[in-house]
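Q: I am new to this structure. Please take a close look at a single part of it, and then place that part within the rest of the chain.

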Amino acid sequence: MVGTVIWRATGQRDIIEDLTQETFLRVFKALEYFDSRARLSTWIYTIAHNVAIDALRRRAGERIDSLTWRVDDGEDEQQEREIATSSLDPEAQLSRDDAERLVHAGLAELPVKYRLPVIYAAIDGLDYPTIDGMLGVPLGTVKTLIFRGKRMLREEIALRLRAPHGY
């Protein structure tokens, strides 16, 4: 999950391992400050999020091309994916792939401030209290960021659908 948080924030595969290591180094160094009443996973996600944001600041100006992360860990996973996708007819699969590309392209255009909360909630399935812990903002702010981010995403997708070349 740490790698996913970093990937979603940065969109750069080449730095996931380094930033994951940096995350766990920070976790280890700050372990004495962890409040055991809190969830450990939320605390680690928060650190991963902060490491990713720091990396984004260092690499300001670089464009994110994609927000998907697909790794084949062997034949079994590849076969499971083939079975899952073969149940759709080719037209439905193409339509789903087009919709996915459209959403990811729209997400890539959102400012990080809105993109990350939307991804954490809608794609990663994290609950709002976990997201507010990660971002270090009040719950109401998380709700506002997600609401505005979804609205911006909807507008971006509508714009892309009206464009002559789509996305």
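A: In this predicted model, Thr42 counts as buried, because its relative accessibility is 13% and the limit for a buried residue is under 20%. Thr42 is found in helix α3, which covers residues 40-58. That helix is the part to be examined here.

The surroundings of Thr42 may be taken up at once. When neighbours within four places in sequence are left aside, Thr42 is in contact with Thr130, Gly133 and Met134. Helix α7 spans residues 128-135, and these contacts of Thr42 therefore fall within that range of residues.

A second residue of helix α3 is Ala55. With a relative accessible area of 4%, Ala55 is buried. Its contacts, apart from neighbours within four places in sequence, are Thr10, Ile15 and Leu19. For one of these, Leu19, a distance can be given: its C-alpha atom is separated from that of Ala55 by 8.0 Å, while the two residues stand 36 apart along the chain.

Beside Ala55 in the sequence is Asp54, which brings charge into the account. The general principle is that side chains of opposite charge can pair when their charged atoms come close. Asp54 forms a salt bridge with Arg26, and the closest N and O atoms are 3.1 Å apart. This pair links distant parts of the chain, since Arg26 is in helix α2 (residues 16-30) and Asp54 is in helix α3, 28 residues apart. Asp54 counts as partly exposed, because its relative accessibility is 22%, and the range for partly exposed residues lies between 20% and 50%. Arg26 is also partly exposed, with a relative accessible area of 31%. The pair does not stand alone: Glu22, Arg26 and Asp54 are linked in a network of salt bridges.

Helix α3 may now be placed in its wider setting. The chain holds eight helices and zero strands, and six salt bridges are present in the structure. Two further salt bridges involve Arg160. The side chains of Arg160 and Glu109 meet at 3.7 Å, N to O. Here again distant parts of the chain are linked, with Arg160 in helix α8 and Glu109 in helix α5 (residues 90-109), 51 residues apart. The side chains of Arg160 and Glu156 meet in a salt bridge at 3.0 Å, N to O. Arg160 and Glu156 both lie in helix α8, four residues apart, which is about one turn of the helix. An α-helix has 3.6 residues a turn, so residues three or four places apart point the same way. As to cover, Arg160 is buried, with a relative accessible area of 14%, and Glu156 is buried at 19%. Glu109, by contrast, is partly exposed, with a relative accessible area of 35%.

Helix α7 also holds a charged residue, Asp132. Asp132 is buried yet has no salt bridge, and the nearest side chain of opposite charge, that of Lys143, is 8.9 Å away. A salt bridge requires the charged atoms to be within 4 Å. Beyond its neighbours within four places in sequence, Asp132 is in contact with Val137, Pro138, Leu139 and Val142.

Positive charge also gathers on the surface, in a patch formed by Lys113, Arg148, Lys150, Arg151 and Arg154. Helix α8 (residues 139-162) gives the most to this patch, with four residues. Lys113 has its place in helix α6 (residues 112-123) and counts as exposed, because its relative accessibility is 53% and exposed residues are those over 50%. The buried residues of helix α6 include Tyr114, Arg115 and Leu116. Just after helix α6, Gly125 takes a positive phi of about 75°.

Some values for the chain complete the setting. Of its 167 residues, 38% count as buried. The chain exposes about 10400 Å², and carbon and sulfur atoms supply 53% of that area. Among contacts between residues at least 6 apart in sequence, 67% join residues at least 24 apart. Within helix α3, the salt bridge of Asp54 with Arg26 joins residues 28 apart, and Ala55 is in contact with Leu19, 36 residues away along the chain.

Note on methods:
Residues are numbered from 1 along each chain as its sequence is written. This is a predicted model: local features need pLDDT of at least 70, side-chain atom pairs count only at pLDDT 80 or more; totals for chains, interfaces and linings use all residues. Side-chain values use heavy atoms; hydrogens and water are left out. Patches are made of residues with over 30% relative accessible area and no salt bridge: like charges are joined within 9 Å, nonpolar side chains (Val, Leu, Ile, Met, Phe, Trp, Tyr) within 5 Å. Accessible areas come from the Shrake-Rupley method with a 1.4 Å probe; for residues, only the protein chains shown count as cover. Lys and Arg count as positive and Asp and Glu as negative; His and the chain ends are not counted. The place of a charge is taken as NZ of Lys, CZ of Arg, CG of Asp or CD of Glu. Helices (H or I, at least four residues) and strands (E, at least two) are DSSP runs, numbered from the N terminus. Buried means under 20% relative accessible area, exposed over 50%, partly exposed in between (1.4 Å probe, protein chains only). Contact means heavy atoms within 4.5 Å.
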